[in-house]
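Let's take a walk through this one together, going from helix pairs to cores and then to a single loop residue. Have your viewer open as you read.

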Amino acid sequence: MKIGKILIVVFFVMMLGNPLLAQISPGELAEVHAHLEGISNCTKCHHLGEKVLNENCLACHTEIKSRVDQQKGYHASSEVRGKECFSCHNDHHGRKFEIIRFDKDKFDHKLAGFELLGAHAKKTCKDCHKPEFITDQKIKDKKFTYLGLNTACLTCHEDYHQNTLSKKCDDCHNNDLFKPAPKFDHKKAKFQLLGKHQTVDCLKCHKIGTKNEKKYQEFGGVKFDNCVNCHKDVHLNKFGQDCKQCHSEESFHTIKGISNFDHDKTDFKLEEKHKTVACKSCHKTNLTDPLKFAKCTDCHKDYHNKQFEKQGISPDCSECHSQKGFVGSSFTIEKHNTGTFKLEGAHIATPCFECHKKQEKWSFREIGIRCNDCHEDIHKDKIDPKYYPEADCKKCHDVETWKKVSFDHSKTKFELLGAHQKQSCKACHFPKDSAGKEQQRFSGIATSCITCHNDKHFKQFEANGTTDCKRCHQFNNWKIPTFDHNKTRFVLDGNHKNVACNKCHKEKQIEQTTFVQYKFKDFKCETCHR
Amino acid sequence: MTKSVHIIYITIMVLIVILSFSAIVYFGNSYYATSLEERFFHENHRILEPKGMWGHGLGIFGSLFMIVGVTSYMARKRYRFLSRLGLLKHWLEFHIFLCTLGPALILFHTAFKFGGLVAVSFWSMVAVFLSGIIGRFIYIQIPRTIEGRELSLNEVRDMKSDIGAIIKSSYNLDEESYNKIVESTTNASNRTGSLGEVKKVLKKNKLSKEQYNNVLKLVRNEISLNRRIDRLVIMQNMFKYWHVAHLPFALVMLIIMVIHIGVTVTFGFRWIF
C-alpha cells in the first residue's frame, strides 16, 4: 500500500510537471493549424480508428474539395488522385513546419492545369502566386496559397491593350515573349496587309496612345474603313475619300484606274487641248509627284524664247494664248496698241503672222516699226528719195490703205491742177505696158500733156514739134466751154454761127486713127462746102 | 551455466545491445540529426518516423523487451514455481539486457521527440534506466548466495576465512611481513594504498610469482569483503529506497505507455497489423 500511494503521488507530480498536461499530441501543429491545438480538436482531423481521412481535411479545405470535385487543379491530377492528404501535408512537426513543401524546380506545373512554358518557366512561384493576382477574397486573405489563380492571362498580367482587344491573349502571344506577338497573323484581321502595308512598321498605324493614364499601343479600334484614317489626305478631299479609286497598296505612286481619274478635281482643271494630252506628257515621273502648274512654262517650253521677258520675268502664255491651242492668240489690238507699234488702219486687219512670222519662227521683238521693216519698198529707185526720206512710206501713204496717197504734188515740177487732182496716182504713175501690165513710173516723166495724154487731134495743133494742149484746154475742164471761134483764123459769122461744130469739123480717119479735123489746109468755102 | 557459457551469454547480450544501437545510429544518424521541422522531408522519414515501419517497430519491440524484461524478472523473484529456474543473477542480467535494449529502441522510436503525454512515459523510462544502473551498483555491494539471494550480515561475516592462518600455514613469510599483511586487510576500509604496502612486503619475502599472486588475491578478497561488511547495512537501506524509485517509475512508464499505445491505436496507427 505504501508503494501504491507513492506511485500515485509520483505519477501526478510528473503529470503536473509536464507543461503538456493531458497532451497526447505527438508534436506541435504547424502554424496554419495552430488553432486546432488541444485534445478537443483531435477528431477534427483524425478519424478514430482510421488515421486522418481526406474527407476530414476537405471538410475545412473546401476550396481544394471544390476543385477536386470539378476535376481541376493539381489535387485532381493523376499524381495526387487516390493519395492521402497527410502523405504530403503532414503535421505535428512543429510550428515552423512547412506543411506545403515540394521541389519547386521539379514540380510539373502542367498537373496544376497550367503548363509553365517559355518565360513562365523562368519565374519563381511567388512571382505569380501572390495575393494581387487572386480575386476570391477568401483565398486572398490566406497568408500564402497556391490557389486562387486563374489560367486567364489577364488575372496576372496587366491588360496592356487597355481592354481594347479580346482577352484571349494567347491568340496572338506565346509564352516566350510578350513582344512581338508571334501568333498574331494580320491575315486574320479585318484589315489585310497588302502591298506596301506589309513592310510598314506597326507603329505607323498602331500608334502609342494613352488610356487610363497609361501608355499602350493601339491595336483595337483602329479605324481602317478609309485610307485617310491613317494616311494624310494630301489632296485635301478634292478627290473624295476613296483613295483606292486611283491608288493601290503597292505604292502610293502607282496609280491604278487612271481612266476614272477626274483631273478636274485637282487644282489644275484639264480644259480644251489639255484634255487630249497624254498624262505622261506632263507627269513625266510618277503621276503622284507634285507638279508646278501655276505658269504654263512650268510644263511648256517658252516657244518665244523669252522674247516677252521684262525685267527677267516672262509673262504667262495665258496672256495671249488659251488652252484651245497655241495657234491663235488672245492678244488684242488694244493690248498691241499699248506697245510701240499701234495697229491702225489696215494693220488692224492684218494677220499677226504677216508681221511676226516673216521667217519660219514667230518673232515679236525687234522686228522694227518702220513700214519697210515689213513692207517692201516698191518705190525704191523709182521715186526720188527726197520725196520720202528714209523710205518713210508715211510721207505719202497712211495705214488705212495703200491706195490712199497724200502727196503734195506741188513739190514736184508738175503741180496737179484741175482734173489732174481728181485722177488716181496710178493713172499717171502706173501706166500699163503693151502687155497690159502696170509699170511704175515716177521719175523721168515730162510735164507735157502728151507724155500722158494721147494727141487726139493727131498733131493738128503741133507747133514747133510740140502740141501744147493748154492752149485750148484747161485742167479743170477738158472741154472748152469758152472757145471763141472768132479768135481763130476763121471767124464765124452769118449762118456759120448756127452751124453745128461737127458740120465742119468732121471725123477723119488716117492710118486707122480717127480724129476730128480741126485744121484745114485753107478756109476756102469749097474746102467745106461742095 | 558454466563460467564460459555465462561469458558467452553476457557477450551475446552486450553485442546485441551494442550492434542494435550502432546499427540504428548508423542507419538513422542523418534522419535523427535533422531538425524536427525538416524530418518530414527526409528520405528516411517514412521508415524512421515514430509511426514508420522501422520507427514504429522499434517502439513495439522496445516496449515488448521492457515488458518482458520487467515481468519475467519480477515473476522470477515473486513466484515460487520459477525460483528454481536458473540463477536469479542470470535473470537479472537478462532483465538488464532487455531493459537496456528496450529503452535504446524506444529512444529511437521517439526519434528524439519528447513531447506530449508520452514524454512522461519516456522520462520515466529514463529514470528507471538510470536508477537501474545505480541499483546495479548497489546490488553488487550486497553479498549474495550463488542463486543471488542477499546474505545477512552474519552470513557475510561467516564467509570470511582466516586469512592470517592461511598465509601463515601456506606461505613462508617472516613475522613482520605477516603482521603487516593482516593489518592491511583489517584496516582496509579506513586506509588507502594498503595493497601497495602488501606488494612491497611480498616482494621483500621473495615469493614465487604464483605465490605472490595467490597471496595478493587473498588480500584483495579480504579487503573487499571487509569493505562490504562495513557498508552492508548502508547498502541494504539504500537498496530499499532504490526500489521505491525504480519500480514506481517503471509503473508510470508502463501506464502511460499503455495510454500512448491506446491513443495511437485509436488514431489508426497499427504498424503491420
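Start in chain B with H6(B) and H11(B), whose axes come within 8 Å and cross at roughly 160°. Keep in mind that you're looking at a predicted model. Angles over 145 degrees count as roughly antiparallel, so H6(B) and H11(B) are roughly antiparallel to each other. Their crossing is left-handed. What is the contact between them made of? Sorting the residues of the contact of H6(B) with H11(B) gives 20 nonpolar, eight polar and two charged.

Now swing over to another pair, H4(B) and H5(B). Here the axes are 7 Å apart, and the helices pack at an angle of about 160°. That angle makes H4(B) roughly antiparallel to H5(B). The way H4(B) passes H5(B) is a left-handed crossing. As for the make-up of this contact, its residues split into 17 nonpolar, nine polar and two charged.

With both pairs in view, turn to the nonpolar cores. The largest one has 29 residues, and those with the most contacts inside it are Leu105(B), Met125(B), Val128(B), Met253(B) and Ile256(B). Which helices feed it? In chain B, helix H4 (53-78), helix H5 (88-109), helix H6 (117-141) and helix H11 (209-266) each supply at least two of its residues. H5(B) gives the largest share, nine residues.

Zoom in on Ile256(B), one of the residues with the most contacts inside that core. Setting aside neighbours within four places in sequence, Ile256(B) is in contact with Leu117(B), Val118(B), Val120(B), Ser121(B) and Ser124(B). There is also a second, separate core of nine residues; Ile167(B), Leu173(B), Leu202(B) and Val219(B) are among them.

Last stop: hop over to chain A and find Asp171(A). You'll see it in the loop between helix H7 (137-140) and helix H8 (202-205) of that chain. Is Asp171(A) buried, exposed or partly exposed? A residue needs 20 or more C-beta neighbours within 10 Å to be buried, while 12 or fewer makes it exposed. Asp171(A) has 13 inside 10 Å, so it counts as partly exposed.

What does Asp171(A) touch further along the chain? Not counting residues up to four places away in sequence, Asp171(A) touches Ser166(A) and Lys183(A). Phe184(A) sits 13 residues from Asp171(A) along the chain, and the C-alpha atoms of the two are separated by 6.8 Å.

Key. Residues numbered from 1 in each chain as written. Chains lettered and ligands numbered in written order. Predicted model: local features only at pLDDT ≥ 70, side-chain atom pairs only at ≥ 80, totals over all residues. Core = buried A, V, L, I, M, F, W, Y, C linked by C-beta atoms within 7 Å. Helix = DSSP H or I, 4+ residues; strand = E, 2+ residues; numbered from the N terminus. Contact = placed C-beta atoms within 7 Å. Axes fitted to C-alpha atoms, helices over the stretch in contact; angles between N-to-C directions. Parallel < 35°, antiparallel > 145°, perpendicular 65-115°, else oblique. Left-handed = near helix turned anticlockwise from the far one by under 90°. Nonpolar A, V, L, I, M, F, W, Y, C, P; charged D, E, K, R; others polar.
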